[in-house]
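Let's take a walk through this protein chain, starting with one residue inside it and working outward. Keep the structure open while you read.

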Amino acid sequence: MGIRLKERFGCHFHELVKLVDNGYLYARVIKVIDYKSMLTDNHISTLATLADILGDEDKVKAVVDTAKASMGRTYSVPIYFYI
């Protein structure tokens with residue numbers, strides 16, 4: 001299942017696999033992120049949830065910064081629809 005998630009979400013935000021290498025954490029992170037375009041510094045609850053999952057504020061900042069610069073494909077429906 002982890003490989004399938006990485007394949008599907010990788011088209012949307014392929015840089016995330018380099019930031020979150022644990023499959024279980026990766027699945028939890030993509031469930032929270034959903035659309036990378038919605039991942040901004042203004043979504044405090046999302047950032048707090050990511051910090052709880054990843055356990056590191058610096059890693060959360062890296063995910064947000066990378067999402068802003070990501071050139072991945074945009075989905076019209078949530079990622080979990082494809083799984």
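Isoleucine 33 has a relative accessibility of just 4%, and because buried means under 20%, this residue counts as buried. Remember that you're looking at a predicted model. You'll find isoleucine 33 in helix H3, which covers residues 23-33.

What does isoleucine 33 touch, if you skip its neighbours within four places in sequence? The list is Phe9, Phe13, Leu16, Leu39, Leu50 and Val63. Leu50 belongs to helix H4 (44-54), and Val63 to helix H5 (57-69).

Now hop over to threonine 46. Isoleucine 33 and threonine 46 sit 13 residues apart in sequence, and their C-alpha atoms are 7.5 Å apart in space. Threonine 46 is part of helix H4. Its relative accessibility is 18%, so threonine 46 counts as buried too, the cut-off being under 20%. Leaving out residues up to four places away in sequence, threonine 46 touches Val32 and Leu39. Leu39 should ring a bell, as it's also on the contact list of isoleucine 33.

Is serine 45, right beside threonine 46 in the numbering, buried or exposed? Serine 45 is exposed, because its relative accessible area of 55% is over the 50% cut-off. Like threonine 46, serine 45 has its place in helix H4. From serine 45 to valine 32 you count 13 residues in sequence, and 10.0 Å in space from C-alpha to C-alpha.

Next comes aspartate 56, in the loop between helix H4 and helix H5. With 33% relative accessibility, aspartate 56 counts as partly exposed, because that value falls between the 20% and 50% cut-offs. Aspartate 56 also helps to form a negative surface patch, together with Asp52, Glu57 and Asp58.

Here are the four residues side by side:

| Residue | Relative accessibility | Class |
|---|---|---|
| Isoleucine 33 | 4% | buried |
| Threonine 46 | 18% | buried |
| Aspartate 56 | 33% | partly exposed |
| Serine 45 | 55% | exposed |

Finally, zoom out to the whole chain. How many helices and strands are there? The protein chain has five helices and zero strands, so to speak an α-α-α-α-α run from the N terminus on. Of its 83 residues, 37% count as buried. Take the contacts between residues at least 6 apart in sequence: 57% of them join residues at least 24 apart. As for the outside, the accessible surface comes to about 5,200 Å², and carbon and sulfur atoms account for 56% of it.

Methods. Residues numbered from 1 in each chain as written. Predicted model: local features only at pLDDT ≥ 70, side-chain atom pairs only at ≥ 80, totals over all residues. Heavy atoms only, no water. Patch = residues over 30% accessible without salt bridge, like charges linked within 9 Å, V, L, I, M, F, W, Y side chains within 5 Å. Areas by Shrake-Rupley, 256 points an atom, 1.4 Å probe, with all protein chains shown as cover. Salt bridge = Lys/Arg side-chain N within 4 Å of Asp/Glu carboxyl O. Lys, Arg positive; Asp, Glu negative; His and termini not counted. Charge placed at Lys NZ, Arg CZ, Asp CG, Glu CD. Helix = DSSP H or I, 4+ residues; strand = E, 2+ residues; numbered from the N terminus. Buried < 20%, exposed > 50% of the residue type's maximum accessible area, 1.4 Å probe, protein only. Contact = heavy atoms within 4.5 Å.
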